[in-house]
Amino acid sequence: DEFMKKQRPLVSTTHIILLSFLVAILIGALLLSLPISSAEGKPTSFLDALFTATTSTCVTGLVVTPTVSSWSVFGQVVILILIQIGGLGVITIMSGLMILLHKKMGIGDRLLLQDAFNLNSLSGLVRFVKKVVGGTLIIEGIGALLYMTVFIPEFGAKGIWISVFTSVSAFCNAGIDIIAENSLCNYALNPIINIVTCALIILGGIGYIVWWDVLRVLKKARTKKVRFFRDLTLHSKIAITATLILTFVGAAFIFAFEYNNPQTMKDYTLLQKIEVSLFQSVTTRTAGFATVPQENFTNASAIVCLLLMFIGGSPVGTAGGIKTVTFAVIIVSAIASIRNKEDTEVFGRRLTKQAVSKAVAVSCMSFIIVFASTVLLSAVTDANALDIVYETVSATATVGLTRNLTVSLDSIGKLIIIITMYLGRVGPISLAVAFKRNKDNQNIVRNPIEEISVG
């Protein structure tokens, strides 16, 4: 442990992660502001370029100008690279390149990777990165091939590029597309687009740790009898269970609230309503593709979507939000307190006090970002309160869904959302690193305890 502490970089991991995202955003903004990046061949205002670079790197998906018509092929390539960097993480990309070039990774690099992925051990870290990058490219490739069955017949050779772009964007939970100005609304009832997009969103958002755990159990099942769910780690059990519950419960609420809404699903068949409801429930966590204009949803559905967006996907994946595991820990901890139980338990296991504290801290940080952003945005725009909250939650949780507010933002409003997207992406990561540091450097001297009244 002492050796590890001595090997830690002089600049903290938190600062490196914050700066890596910031540098990627600034470089992307500079490239996007060039005439070659614009569809019209003219320079793009730096603020709009910065907004686009931020929403791409933070895999959010809010856009001030339509991606399909505003950017040249060069500009779209820059956006796609930023999305891939944002989805995998700058540290992962750099580590992958080092491995590809056969460069030896020092202990500092490994510690940085450990913190970037929020892992508890340095064991097998290089192998983990190889599997993450390899698995990502394989899934994105399969997704692109499946998309081609729809987009090539419709767009010809251009459909290949559209398929690749959409697949990467869906897997990285970015929600940016180059198909149309209304996202995927033209494909609301296309089963291939719905299934492939939902699969990519879920696979990217469920987290890499769950991937390898599921594969481990399946591999184990070849040689001996196993009970699939029981043999998974506690993390995987919570992530999978929370994902399933949120997806289907969210879809059920949206189905009920939109069943007779003439602006959304009233004229659809029963199966079509189920299809649209499921897609909406999945895309809110936290992909940002839309098959129905968000401003057409009832207030009840919008509020359900706000909760789903705030929760987001699972840890160590491409999704944003406070994460499913965080939300689950908060809920079981509250239940334990209500029942006056000292320990927080789930699936027959006790959770550490640090896990509970971390869940509370991440949730509070995200809420503070949403609250501050909402207040500031309300001060500079006359938009509907629900539309503003929808925008700020979407930006904080890096979702990308909007009730048609993003395009009407003025310069100050754009800056507020840019900062919100950045903090929403790097805030929880930095907080996770900070908790790890605090664990390594616990104070020996502790202050006395004094009782207070709570509630």
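1. Is Asp213 buried or exposed? In this model, which is a predicted one, Asp213 has a relative accessibility of 5% and therefore counts as buried, the cut-off for that class being under 20%. The side chain of Asp213 meets that of Arg216 in a salt bridge, with a distance of 2.6 Å from N to O. Both residues belong to helix H11, and because they are three residues apart there, about one helical turn separates them. Arg216, for its part, is partly exposed, with a relative accessible area of 37%, so this salt bridge joins a buried acidic residue to a partly exposed basic one.

2. Helix H11, which spans residues 208-223, also contains Leu215. Leu215 has a relative accessible area of 46% and is therefore classed as partly exposed. Its C-alpha atom is separated by 9.9 Å from that of Leu232, a residue 17 positions away along the chain.

3. A search of the whole structure finds five salt bridges, and one of them links distant parts of the chain, with Lys414 in helix H18 (residues 411-440) and Asp48 in helix H3, 366 residues apart. The side chains of Lys414 and Asp48 meet at 2.8 Å, again taken from N to O. Which class of accessibility does Lys414 fall into? Lys414 is buried, at a relative accessible area of 14%, and Asp48 is likewise buried, at 16%. In general terms, side chains of opposite charge can pair when their charged atoms come close.

4. A further salt bridge is formed by Arg403 and Asp387, whose closest N and O atoms are 2.6 Å apart. Arg403 lies in the loop between helix H17 (385-396) and H18, whereas Asp387 lies in helix H17 itself, so the pair ties together parts that are 16 residues apart in sequence. Both Arg403 and Asp387 are buried.

5. The loop between H17 and H18 also holds Asn404, and the backbone of Asn404 deserves a look, since its phi is positive, at about 65°, although the residue is not a glycine. Asn404 is partly exposed, with a relative accessible area of 48%. A second asparagine, Asn173, has a positive phi of about 60° and is not a glycine either. Asn173 is placed in the loop between helix H9 (158-171) and H10, and its relative accessible area of 0% means that it is buried.

6. Another backbone feature to check is the cis peptide bond that joins Arg285 and Thr286, with omega at about -10°. Thr286 lies in the loop between helix H13 (270-283) and helix H14 (299-311), while Arg285 is among the residues that line the largest cavity.

7. How many cavities of 30 Å³ or more does the structure hold? There are two, and the largest has a volume of about 70 Å³. Its lining consists of Ile201, Ile202, Gly205, Ile206, Thr243, Thr247, Val282, Arg285, Gly313 and Ser314. Helix H10 (191-206) and helix H12 (234-258) are the elements that give two or more residues to this lining, and H10 supplies the largest share, with four residues. By class, the lining has four nonpolar residues, five polar ones and one charged one.

8. Among the open spaces, the second largest pocket has a volume of about 540 Å³. It is lined by 27 residues, and those nearest its centre are Val63, Glu181, Asn182, Ser183 and Thr402. The lining of this pocket divides into 12 nonpolar, 12 polar and three charged residues.

9. On the surface, a nonpolar patch is formed by Leu19, Leu22, Val23, Leu26, Ile27, Leu30, Leu31, Leu34, Ile36, Phe46 and Phe74, which together have about 930 Å² of accessible area. Which element gives the largest share of this nonpolar patch? That element is helix H2 (residues 13-32), from which seven of the patch residues come. Ile36, another member of the patch, is found in the loop between H2 and helix H3 (46-57). Helix H3 is also the element that holds Asp48, the partner of Lys414 in the salt bridge described under point 3.

Definitions and conventions
Residues are numbered from 1 along each chain as its sequence is written. This is a predicted model: local features need pLDDT of at least 70, side-chain atom pairs count only at pLDDT 80 or more; totals for chains, interfaces and linings use all residues. Side-chain values use heavy atoms; hydrogens and water are left out. Patches are made of residues with over 30% relative accessible area and no salt bridge: like charges are joined within 9 Å, nonpolar side chains (Val, Leu, Ile, Met, Phe, Trp, Tyr) within 5 Å. Accessible areas come from the Shrake-Rupley method with a 1.4 Å probe; for residues, only the protein chains shown count as cover. A salt bridge is a side-chain nitrogen of Lys or Arg within 4 Å of a carboxyl oxygen of Asp or Glu. On a 1 Å grid over the protein atoms alone, a cavity is a set of points where a 1.4 Å probe fits but cannot get out, and a pocket is an open set with protein on both sides within 12 Å along at least five of seven lines; lining residues have an atom within 4 Å of a point. Grid points are joined across faces, edges and corners, and a volume is the space filled by probe spheres set on the points. Ala, Val, Leu, Ile, Met, Phe, Trp, Tyr, Cys and Pro count as nonpolar, Asp, Glu, Lys and Arg as charged, and the others, Gly among them, as polar. Buried means under 20% relative accessible area, exposed over 50%, partly exposed in between (1.4 Å probe, protein chains only).
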